[in-house]
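Q: I'm new to this structure and would like a close look at one part of it. Could you walk me through how one helix sits against its neighbours?

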Amino acid sequence: MELEEYIRARLDHERHHLDGDPAVKKRAQVWISAIENAPRSADGIQSLMDAKEVAMNKASEVSELQQLDRELSALEWLKGAVTGIRIPAHPF
């Protein structure tokens with residue numbers, strides 16, 4: 001499976017959750033946005049992850065921490081996909 005096809009499959013999986021429970025919907029929205037807007041190189045993704053970690057250290061609201069944590073999770077998944085760490089048959 002090609003990388004972009006793999007990423008599209010994950011995004012389709014997340015879009016499936018947009019009609020569900022509000023908490024799951026919020027998580028899916030964050031993952032979709034993070035993955036769509038992230039660079040496609042491991043170095044670029046790592047730089048973005050580093051910036052998110054700095055922002056987490058400065059965050060004062062729980063909701064902001066949750067948002068950043070979700071973004072980091074999505075970026076970690078994407079970095080694994082880009083570097084070929086985990087490319088199973090199904091991206092979820």
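A: Let's start with α1 and α4, in what is a predicted model. These two helices are roughly antiparallel to each other, because their axes cross at roughly 155 degrees and angles over 145 degrees count as roughly antiparallel. To find them, look at residues 3-16 for α1 and residues 62-83 for α4; their axes come within 10 Å. The way α1 passes α4 is a right-handed crossing.

Now zoom in on the side of α1 that touches α4. From α1 you'll find L3, Y6, I7 and R10, and they meet W77, L78, A81 and V82 of α4. Sort the residues of this contact by character and you get seven nonpolar, no polar and one charged.

Next, turn to α2, which covers residues 22-37. Here the axes of α1 and α2 are 9 Å apart, and the two helices pack at an angle of about 155 degrees. That angle makes α1 roughly antiparallel to α2 as well. The handedness is worth a look here: α1 passes α2 in a left-handed crossing, while the crossing of α1 with α4 is right-handed.

Who does the touching this time? On the α1 side it's I7, R10, L11, E14 and R15, and on the α2 side it's R27, A28, W31, I32, I35 and E36. This contact divides into six nonpolar residues, no polar ones and five charged ones. Two names may ring a bell: I7 and R10 of α1 take part in the contact with α2, and I7 and R10 also appear in the contact with α4.

With α1 placed, step back to the whole protein. There are four helices and zero strands, so the radius of gyration comes next: at 13 Å it is close to the 12 Å that the globule rule gives for 92 residues, so the protein is as compact as a globular protein of that length. Along the principal axes, the C-alpha atoms fill a box of roughly 40 × 35 × 20 Å. Of the 92 residues, 27% count as buried.

One last number looks at contacts along the chain. Among contacts with a separation of 6 or more, 62% are between residues 24 or more positions apart. As you rotate the model, try finding α1 and then its two partners described here, α4 and α2.

Definitions and conventions: Residues are numbered from 1 along each chain as its sequence is written. This is a predicted model: local features need pLDDT of at least 70, side-chain atom pairs count only at pLDDT 80 or more; totals for chains, interfaces and linings use all residues. Side-chain values use heavy atoms; hydrogens and water are left out. Axes are lines fitted to C-alpha atoms, for helices over the stretch in contact, and angles run from 0 to 180 degrees between N-to-C directions. A crossing is left-handed if the near helix is turned anticlockwise from the far one by less than a right angle, and right-handed if clockwise. Contact means heavy atoms within 4.5 Å. Ala, Val, Leu, Ile, Met, Phe, Trp, Tyr, Cys and Pro count as nonpolar, Asp, Glu, Lys and Arg as charged, and the others, Gly among them, as polar. The radius of gyration is taken over C-alpha atoms; the globule rule is 2.2 Å times the number of residues to the power 0.38. Buried means under 20% relative accessible area, exposed over 50%, partly exposed in between (1.4 Å probe, protein chains only). Angles under 35 degrees count as roughly parallel, over 145 as roughly antiparallel, 65 to 115 as roughly perpendicular and the rest as oblique.
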